[in-house]
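Please read the following note alongside the model, taking the points in the order in which they are set out. They concern packing between helices, the nonpolar cores and a few individual residues.

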Amino acid sequence: MTKPSLPDLLHAAVSAVGGTERPGQVAMAEAVAEAIDDNSHRLIQAGTGTGKSLGYLVPALAHGERVVVATATLALQRQLVERDLPRTVDALHPQLRRRPQFAMLKGRSNYLCLHRLHEGAPQDEEDGLFDQFEAAAPTSKLGQDLLRMRDWADETETGDRDDLTPGVSDKAWSQISVSSRECLGATKCAYGAECFAEAARERAKLADVVVTNHALLAIDAIEGAPVLPQHEVLIVDEAHELVSRVTGVATGELTPGQVNRAVKRAAKLVDEKTADSLQTASETFERVMELALPGRLEQIPEDLGYALMSLRDAARNVISAIGATRDKSVQDEDAVRKQALAAVESIHGVAERITNGSEYDVVWYERHDRFGATLRVAPLSVSGLLREKLFEDRSVVLTSATLKLGGDFNGVAASLGLSPEGVEGDDVPVWRGLDVGSPFDYPKQGILYVAKHLATPGREGTRGDMMDELAELIEAAGGRTLGLFSSMRGAKAAAEELRGRLENPILLQGEETLGELIKSFAADPKTCLFGTLSLWQGVDVPGPSCQLVIMDRIPFPRPDDPLMSARQKSVEEHGGNGFMAVAATHAALLMAQGAGRLVRASGDRGVVAVLDPRLATARYGSFLRATLPDFWYTTDRNQVRRSLAAIDATAKADGK
């Protein structure tokens, strides 16, 4: 039987979803197929509207071996599993003569734990377990959520938190879920045969395509114990997020509250002397943390070093003692022991890591008004880890709408541990970059306006001229504005100021759930939506409700960000340009994602306005502009107001 051709398969899949075949999508599918066939790697930039999901799913399904697709956002995971994969599998079935299976796999804490639900949760003050359903007042929000989850547990087929609608708070969910460290294991658990997390793993083992998230991919790489089933092809979508997600997974933290909870959980399971030593170490650590000032610790202070060594040694003794004791008077002893062990092991791991003092780690204090001080440790870079763990023994395709920063792929490639494109060697993963473009005509559909006449933004304080500019642009646009701010403080200040000056409704991130805010924003063209740049990467509002995207300033990392400044310093010590490699690259990625909110469909028109003159005047401005879509560029404030008014008038004439 002749193998079906890739163009025929792609055509069938695109027809099935009611889409239009695009040259960029065809080029992408061919590149993915080529990478799979010759076991190499690709970085593929595919602009909004390319149809990149089908661009990688079709060659992946045609390949026939197991493929893992890792994404950053829940929205894309759901889209793949609920929409794209079912339709594509149905469309390809007649030609492939097989029906590839697919499954979603997440970390264990994303699934309802039947043991925790039925037996209760270990509590801090006493041994044994308590019934969280009895403990929470039925009239409280927590109590109502717990009762609703108990009913849901009888109906759900997946036990997946994301299938529970409406959702619940992290606090409520933690009452009925466990981490992988707290899990008893399917063979020891009375509910092992019915376990939702185990069922998800079994489905993944049988699937041809496993959809997961960046965090689980990172855990699979870092922990050493495989979480994902064996696979020949890895596709990383939303790949611009991968480095920050892997960094997050590789970051450890210690707080006095966390240590206190571990002490309470372990106290009844070990002898008094062992428990007292951990209690004493906990109190010493708490005293040190009371005096902690925010910032990086290039050297570990003597008092902190002593406190961490005491914690490490006391935690190690507790871990040994918990493993050796049995106490039949403790209700559901295995669960209590496992939770206590998980809490103490976490503390031991972080204390030991900081005490060992690797030159590849960055350690710092953070202080929160409500929660007090936190001690954090994160890798200076994850590029070595990714080079070693990501690109071995499989073909990897990384794709996103923003992978070319400043005009080429090498910046993102370096963050992934890859050498510049074209460099070859024994231990160097070979990769090629491909920009398949976008189906949109950016110069005709959008304007990039830089408010060159404004004062350069300072570190703090209100910017009166910027507020005036913001108000005038929104008035010219008739509302229809997505305001992206470099800080939540900036977004709140702008919302408060403009609510008093404009008649347009202004929605603010945090005042409602993200889904509700986007729905309200899309429903009323006069409405504006303000929030932070980093959290609006998933906003997809095509049409006339979003015709003006405003960025208040270039989103460089804060100068006092311990991890970013450490990374910048490290690049400089190795002879590189730390500012361009770290700060400018970070800003370029966020700005490209923000600007990408404007044109989501072929009929969209509008303006991206950057209220920071440095984009026009600074030397690095051209690097940042080269990362943005190829909009028509202007610094003429009168021109942009006329254009916005014309776009608004056209939309109103069309009844929108």
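1. In this predicted model, Met 564, Arg 567, Gln 568, Val 571 and Glu 572 of helix H22 make contact with Gly 578, Phe 579, Ala 581, Val 582, Ala 583 and His 586 of helix H23. Sorted by class, the residues of this contact comprise six nonpolar, three polar and two charged. The two helices pack at an angle of about 145 degrees, and their axes lie 7 Å apart.

2. The length of H22 (residues 562-573) is consistent with its residue count, because twelve residues at 1.5 Å each should span 16 Å and the end C-alpha atoms are indeed 16 Å apart. The buried residues of this helix are Pro 562, Leu 563, Met 564, Ala 566, Arg 567 and Ser 570, and what covers them includes helix H11 (242-249), strand S9 (295-296), strand S10 (361-368), strand S11 (372-379) and H23.

3. The largest nonpolar core has 90 residues, and those with the most contacts inside it are Leu 43, Leu 112, Leu 242, Leu 398, Leu 416, Val 608 and Leu 624. Helix H23 (residues 578-595) contributes the largest share of this core, namely eight residues. Apart from this core lies another, of 38 residues, which includes Val 270, Leu 311, Ala 340 and Ala 373.

4. Which residues does Leu 398 touch, if those up to four places away in sequence are not counted? Its partners are Arg 42, Leu 43, Ile 44, Val 236, Ala 239, Leu 242, Phe 391, Leu 403 and Leu 416.

5. Helix H12 (residues 256-267) and helix H13 (residues 272-290) pack at an angle of about 170 degrees with their axes 10 Å apart, and H12 and H13 are therefore roughly antiparallel to each other. On the H12 side the contact is made by Pro 256, Val 259, Asn 260, Val 263 and Ala 267, which meet Ala 275, Leu 278, Gln 279, Ser 282, Phe 285, Glu 286 and Met 289 in H13. By class, this contact of H12 with H13 has eight nonpolar, three polar and one charged residues.

6. Helix H19 (residues 464-477) passes the length check as well, because its 14 residues at 1.5 Å each should span 20 Å and its end C-alpha atoms are 20 Å apart. Its buried residues are Met 466, Met 467, Glu 469, Leu 470, Ala 471, Leu 473, Ile 474, Ala 476 and Ala 477. Just after H19, Gly 478 adopts a positive phi of about 70 degrees.

7. Is Thr 627, in helix H25 (residues 621-627), buried or exposed? Thr 627 is buried, since its relative accessible area is 9%, and, leaving aside neighbours within four places in sequence, Thr 627 is in contact with Lys 404, Leu 405, Gly 406, Ala 588 and Ala 592.

8. Gly 531, which lies in strand S17 (residues 528-532), is buried, with a relative accessible area of 0%. Although Gly 531 and Ser 486 are 45 residues apart along the chain, their C-alpha atoms are separated by 8.7 Å.

9. Ala 522, found in helix H21 (residues 514-523), counts as partly exposed, at 37% relative accessibility. Leaving aside neighbours within four places in sequence, Ala 522 is in contact with Val 541 and Ser 545, while Ala 522 and Gly 543, 21 residues apart in sequence, are 8.5 Å apart from C-alpha to C-alpha.

Key:
Residues numbered from 1 in each chain as written. Predicted model: local features only at pLDDT ≥ 70, side-chain atom pairs only at ≥ 80, totals over all residues. Heavy atoms only, no water. Core = buried A, V, L, I, M, F, W, Y, C linked by side-chain atoms within 4.5 Å. Buried < 20%, exposed > 50% of the residue type's maximum accessible area, 1.4 Å probe, protein only. Helix = DSSP H or I, 4+ residues; strand = E, 2+ residues; numbered from the N terminus. Contact = heavy atoms within 4.5 Å. Axes fitted to C-alpha atoms, helices over the stretch in contact; angles between N-to-C directions. Parallel < 35°, antiparallel > 145°, perpendicular 65-115°, else oblique. Nonpolar A, V, L, I, M, F, W, Y, C, P; charged D, E, K, R; others polar. Expected span 1.5 Å × (residues − 1).
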